[in-house]
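Open the model in your viewer and keep the sequence panel visible. The stops below say what to select and what is found there.

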Amino acid sequence: MGGLFKEIYKHRTLYLFISPFYILFLIFSVFPILFSIYLAMHKWDGIGDMKFVGMNNFNYMFHDPAFWNALYNNVALWILGNAPQLLCALVVAYVINLAVVRFKGFYRIAYFLPNVTAMVAVVIIFQSLFGNEYGLINFLLEKLGLDKIAWLNSSFGVRVVIAAMICWRYMGYNAVIYLSGLQRIPKDLYEAAELDGATLFQTFMKITLPMLRPIILFSVMMSTIGGFQIFTEPQVLAGNQPPYPGSDTVVLYMYREGFNYQNYGYAAAVSWVLFIIIGLLSVVNWKFFNKSDD
Amino acid sequence: MKKKVWSGIPLVLGMMLVVTACGDATPANTSAKDSAASSPNKNESASSQKVSVNMWYWNGAISDSTIDAARKKFPNIDLQAQKLPSGSDYLTKLKTTVSGGGTGPDIVAMDSWVTTMLPYKDKFVNLYDQGAKDIQSQYLDWKWRMAATADNKYLIGLPIDVAPVVMYYRQDMFEKAGVPSTPEAIKSQVKTWDDYFNLSKKVKDATGSQILSIVDVFRNMIGQNSEGYFTTEGKYIGDQAHIKDAWDRAVKAYQSGLTYANTSDTEKNAAMNNNKISSFIGASWAVGDLMGAAPDTKGKWRIAYPAGGIGNQGGSFFGVLKSSKNPKEAYEVIKFLVNPDNLVAGYKEFGNYPSTPEIYSKPDMVNKNEFFGDQDLSSVFAEAAKDVKIAPADPRDDVVASTLTEEIGLVDTQKKDPEKAWKDAQDKIKRQLSR
């Protein structure tokens, strides 16, 4: 340790030159992280005195049905929004990568485009698509002689709407990532398979999937992290009202506790639990996808 | 050559750091107009001993022309006005600044949550010490007392505007249904919520239109109460008769088919534009919302004294922080900003209804609006702004209100049993309050 500081001191001018980065990093990242640990054990309304409460915030959280409900919703949204989406992305990438498909660049851009649109705008568009009374989808259903569906009145309906937004937004993004993975797979493997008389399905299962494993791990991990941070969609969808049934996520719960109810200490505790959940899931993902490499 | 370029980079970065460090002393994000106006003054300030006063407000709290007028009126004060995002972000920023103890602004705009700041009154200048007693008589008493302690010895804010609650209704529909359809007739004949429900029933039968959702009806009734969710001592009373009555009556209105579906604002706006809504109770600021939401119904709306009694939903204040180095100058500025003439200007610009009753009858205040068939809106607001009873506010009100409205909303959207919803809401609230 002493040696390290000696090294740093020796190169102090260089460290001075890169100081803008690490000073800002210390102030805006390291300090808030440490402070939030401290905050998680206090009761604080943001203006009065902080009161030490130890583990009470965590105790309250684990006994709060609203927290478990938010976690359950989160898992449901994560599965509903990501499982079909990643599968579709893989198929889309595979199809674009086929030698017979032309204008690959066009498809890449077209599929990626939803990812660069502003999230709030997307939510507002989906809100008017799925509106209970004046939604475009209900309008079409009525034209077809079917009954209107009150999308935003049932938990399942709301989850479908939010999952649809997630799919729409991230399918292209993941497809482009898969595509880059596919293009890295050496052509000679496919040629050898073709010589051996393998079918398209067999090549996909025996060559494409195993070679793509690291990329799939990356996309599953990113969507796990993203899936547990779903916030904008339910927040904007509900507007000033409380979140629609089935759409109260952990981040939304944390935001409400912190910035609407002014329980800053409690919100910090929730954010740490969320951090641990995401960390655990990432480890599980990693283990799961790396297992057969050994 | 290459070496020279590289050694330049840390220099540039270092300079950026210096610049950002300086930024803390002066407001970093004044709007372009403000900084343009104030930058020449900054150079002078050293020589002519200009006093600098910083102000935080949000768009719509006070008009820009009034701020410019204040700059002209006080040439010795360098007024730096910072427009911040409104809503809960503003409150969070204010709270962290006040509790952080650093140099914050001198003047802060505060919304109707001003009452929840009273426990921290020592962070604010007592405006009575600055002579606020002299101007007290100009303002609505109930509004004034929102920013004063119970013993009326400490005042943390001067009133800007009020948001009286009125009834917005479709005159054509009311006429068709043969119910009272002039503002005067409605005021004299539709006094209670029951009268209003009976009237709405007739309007519904004649035109097929409804009033706004179960949640809106519940909220409006709560807004007219003189008791809130907590007593002034902080005891929870949100499970008692005055709240339960409102709950039951909102449920009854829903069950008799009077209320429109509990849905998003976009859908409600579409419903209003499509003649599905015959009336609703709303604050004075709903004028702008309604005109934007339902352009096709122009000329058909009117406003009247609200059924069930008057209420207030919003309206802001200006206070001075204790950390201010120039409280005297800051007080002079806010006193000027909220004087009756400037509040009239704000009313004309944004529709913020002034909190100074003496000007309500002035010809300047007449506000004939085509959207409302050239009705003079001001005279209705003036009646509705007087003698409002303000329920004691508590920082925990938001927890209670959002839990109750969420559960009563489920009575419509998920056909939840109203009694079960009431019980669930109370259980949730008690859990929240237990920690």
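## Chain B: two domains

Start with chain B, which is divided into domain 1 (11-30 + 50-162 + 315-378) and domain 2 (165-312 + 390-433). Bear in mind throughout that this is a predicted model. Colour the two domains separately: their centres, taken over C-alpha atoms, are 31 Å apart. Where they meet, 13 residues of domain 1 of chain B are in contact with 20 residues of domain 2 of chain B.

Now show chain B as a cartoon. Its secondary structure comes to 17 helices and 13 strands. Of its 435 residues, 54% are buried. Take the contacts in chain B between residues at least 6 apart in sequence: 77% of them join residues at least 24 apart. Switch on the surface, and chain B exposes about 19200 Å², with carbon and sulfur atoms supplying 53% of that area.

## Helix H14 of chain B

Select residues 340-350 of chain B, which form helix H14. Which residues of this helix are buried? They are B:Pro340, B:Asn342, B:Leu343, B:Val344, B:Gly346 and B:Tyr347. Show their side chains, then add what lies over them. The cover includes two helices that can be picked by number, H3 (64-73) and H13 (327-337) of chain B. It also includes strand E11 (353-354) and helix H15 (377-385) of chain B.

Step just past the end of H14(B) to B:Gly351, where phi is positive, at about 80°.

## Chain A: the overall view

Hide chain B and turn to chain A. There are 14 helices and two strands to find here. The C-alpha atoms of chain A fill a box of roughly 70 × 70 × 35 Å along the principal axes. The radius of gyration of chain A is 24 Å, whereas a compact globule of 294 residues would have one near 19 Å.

Of the 294 residues of chain A, 41% count as buried. Among its contacts between residues at least 6 apart in sequence, 65% join residues at least 24 apart. The surface of chain A comes to about 16600 Å² exposed, and carbon and sulfur atoms supply 72% of it. Colour by charge next: chain A has 19 positive and 16 negative charges, and the mean positions of the two sets are 7 Å apart.

## A:Ile37 in helix H3

Select residues 19-40 of chain A, helix H3, and pick out A:Ile37 within it. Relative accessibility at A:Ile37 is 37%, so the residue counts as partly exposed. Add A:Trp272 to the selection. A:Ile37 and A:Trp272 are 235 residues apart in sequence, but their C-alpha atoms are 7.7 Å apart in space.

## Two residues with positive phi

Most residues other than glycine have a negative phi. The next two stops go the other way.

Centre on A:Phe103, in the loop between helix H5 (65-97) and helix H6 (104-112) of chain A. A:Phe103 is not a glycine, yet its phi is positive, at about 55°. Is its side of the loop buried or exposed? A:Phe103 has 59% relative accessibility and therefore counts as exposed.

Then go to A:Gln262, in the loop between H13 and helix H14 (264-290) of chain A. A:Gln262 also has a positive phi, of about 60°, although it is not a glycine. With a relative accessible area of 9%, A:Gln262 is buried.

## Around helix H12 of chain A

Select A:Gln235, which sits in helix H12 of chain A. A:Gln235 is partly exposed, because its relative accessibility is 27%. Leaving aside neighbours within four places in sequence, A:Gln235 is in contact with A:Leu252 and A:Tyr255. For a distance check, draw a line from A:Gln235 to A:Trp168: the C-alpha atoms are 18 Å apart, and the residues are 67 apart in sequence.

Finish at A:Ser247, in the loop between helix H12 (232-238) and helix H13 (250-260) of chain A. How much relative accessible area does A:Ser247 have? The value is 0%, so A:Ser247 is buried. Show what A:Ser247 touches, not counting residues up to four places away in sequence: A:Asn73, A:Val158, A:Ile162, A:Pro234 and A:Leu252. A:Leu252 is thus a residue to keep on display from the previous stop, as A:Gln235 is in contact with A:Leu252 too.

Definitions and conventions: Residues numbered from 1 in each chain as written. Chains lettered and ligands numbered in written order. Heavy atoms only, no water. Helix = DSSP H or I, 4+ residues; strand = E, 2+ residues; numbered from the N terminus. Rg over C-alpha atoms; globule rule 2.2 N^0.38 Å. Buried < 20%, exposed > 50% of the residue type's maximum accessible area, 1.4 Å probe, protein only. Contact = heavy atoms within 4.5 Å. Areas by Shrake-Rupley, 256 points an atom, 1.4 Å probe, with all protein chains shown as cover. Lys, Arg positive; Asp, Glu negative; His and termini not counted. Charge placed at Lys NZ, Arg CZ, Asp CG, Glu CD. Domains from an automatic or database assignment.
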